[in-house]
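Fancy working through a fold by hand? Grab a pencil, open the viewer and try each exercise before you read its solution.

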Amino acid sequence: FVGLKNFQKMFSMPNFWTAFWNTLQISIIKLFLTTAAAVIVSIFLNEIANIHFKKIVQTIIYLPHFMSWVVVASVFKMLLAPYDTAPVNSILINMGAIDSAIDFMNSTAYWRGTFYIMNVWKDTGWGTILFLATLSGISPDLYEAAQIDGANRWKRLIYITLPALANTIIT
């Protein structure tokens, strides 16, 4: 037993606070982006009237959540490879947005954005499941009463849907 010696050693490391701040910042931004994406996608899915199309879209959105991180990293490595022939670089070059291929995965300028996109793509499905469950619990009578009172779709979203989702979003 060494007591708090390991903590003293850790806190005295020169890059500890930088690593701590970066980890905290990445985690908080990832949480907000993933939650926002899941809320938006679940609201859109809730508005789809065609049940068959809705189920197909739900399956496509849920699928990445059930993939391992190894598969997700491999897919993104292939899409974002630093070659002119890689899909993302090829599209950007053909659009004239860039002149030469970008190494998205290894560049410090692009890594965070790439990390956030990967996480949002993978984790939005799970959040969508949770928010759709909450949306299915909202009484249709509330929407009907609001529509009779003259509320348009935007007002119903602001005054009924988002307040009903608030507890789930906060949790």
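Below are some exercises on this predicted model, each with a worked solution.

**Exercise 1: the overall chain**

Work out what kind of secondary structure the chain has, and how its radius of gyration sits against that of a compact globule.

*Solution.*
- Start with the elements: the chain holds 8 helices and 0 strands. Going along the sequence, the pattern reads α-α-α-α-α-α-α-α.
- Next, the overall dimensions. Along the principal axes, the C-alpha atoms take up a box of roughly 65 × 55 × 25 Å.
- Now the comparison: a compact globule of 171 residues would have a radius of gyration near 16 Å, but this chain has 22 Å.
- Then burial: 26% of the 171 residues are buried.
- Last, look at how contacts are spread over the sequence. Of the contacts with a separation of 6 or more, 61% are between residues 24 or more positions apart.

**Exercise 2: α2 against α3**

Decide how helix α2 and helix α3 are oriented to each other, and list the residues that make the contact.

*Solution.*
- Find the two helices: α2 covers residues 16–47, and α3 covers residues 51–62.
- Take the geometry. The helices pack at an angle of about 160°, and their axes are 10 Å apart.
- Apply the cut-off: angles over 145 degrees count as roughly antiparallel, so α2 and α3 are roughly antiparallel to each other.
- Add the handedness, which is left-handed for this crossing.
- Then name the residues. From α2 come Val-41, Leu-45 and Asn-46, and from α3 come Lys-54, Val-57, Gln-58 and Ile-61.
- Sort them by class: 4 are nonpolar, 2 polar and 1 charged.

**Exercise 3: a lysine in α3**

Is Lys-54 buried or exposed, and what does it touch beyond its sequence neighbours?

*Solution.*
- Place the residue first: Lys-54 sits in α3.
- Check the accessibility. The relative accessible area of Lys-54 is 16%, and buried means under 20%, so Lys-54 counts as buried.
- Look for its partners. Setting aside residues up to four places away in sequence, Lys-54 touches Leu-45, Asn-46 and Ile-48.
- Tie this to Exercise 2: Leu-45 and Asn-46 are among the α2 residues in the contact with α3.
- One distance to check in the viewer: Lys-54 and Phe-44 are 10 residues apart in sequence, and their C-alpha atoms are 9.8 Å apart.

**Exercise 4: two partners of α6**

Describe how helix α6 packs with α4 and with α8.

*Solution.*
- Begin with α4 (residues 69–79) and α6 (residues 111–136): they pack at about 130°, with their axes 11 Å apart. That makes α4 oblique to α6.
- This crossing is right-handed.
- On the α4 side you'll find Trp-69, Val-72, Ala-73 and Phe-76, which meet Ile-117, Met-118, Asn-119, Trp-121 and Lys-122 of α6. By class, that contact has 7 nonpolar, 1 polar and 1 charged residues.
- Move on to α8 (residues 153–170). The axes of α6 and α8 come within 10 Å and cross at roughly 135°, which makes α6 oblique to α8.
- The crossing of α6 and α8 is also right-handed.
- Here α6 brings Phe-131, Thr-134 and Leu-135, while α8 brings Thr-161, Ala-164, Leu-165, Thr-168 and Ile-169. The classes come out as 5 nonpolar, 3 polar and no charged residues.

**Exercise 5: two buried residues**

Find out which residues Thr-124 and Val-39 contact, leaving aside neighbours within four places in sequence.

*Solution.*
- Take Thr-124 first, which lies in α6. Thr-124 is buried, at 6% relative accessible area.
- Its contacts are Thr-34, Ala-37, Ala-38, Val-41 and Asn-119. Val-41 turned up earlier, on the α2 side of the contact with α3.
- Thr-124 and Ile-170 are 46 residues apart in sequence, with 16 Å between their C-alpha atoms.
- Now Val-39, which is found in α2. Val-39 is buried, with a relative accessible area of 9%.
- Val-39 is in contact with Phe-131, Leu-162, Leu-165 and Ile-169. Phe-131 belongs to α6, and Leu-165 and Ile-169 belong to α8.
- Finish with a distance: Val-39 and Ile-129 lie 90 residues apart in sequence but 9.9 Å apart in space, C-alpha to C-alpha.

Notes. Residues are numbered from 1 along each chain as its sequence is written. This is a predicted model: local features need pLDDT of at least 70, side-chain atom pairs count only at pLDDT 80 or more; totals for chains, interfaces and linings use all residues. Side-chain values use heavy atoms; hydrogens and water are left out. Axes are lines fitted to C-alpha atoms, for helices over the stretch in contact, and angles run from 0 to 180 degrees between N-to-C directions. Helices (H or I, at least four residues) and strands (E, at least two) are DSSP runs, numbered from the N terminus. Angles under 35 degrees count as roughly parallel, over 145 as roughly antiparallel, 65 to 115 as roughly perpendicular and the rest as oblique. A crossing is left-handed if the near helix is turned anticlockwise from the far one by less than a right angle, and right-handed if clockwise. Contact means heavy atoms within 4.5 Å. Ala, Val, Leu, Ile, Met, Phe, Trp, Tyr, Cys and Pro count as nonpolar, Asp, Glu, Lys and Arg as charged, and the others, Gly among them, as polar. The radius of gyration is taken over C-alpha atoms; the globule rule is 2.2 Å times the number of residues to the power 0.38. Buried means under 20% relative accessible area, exposed over 50%, partly exposed in between (1.4 Å probe, protein chains only).
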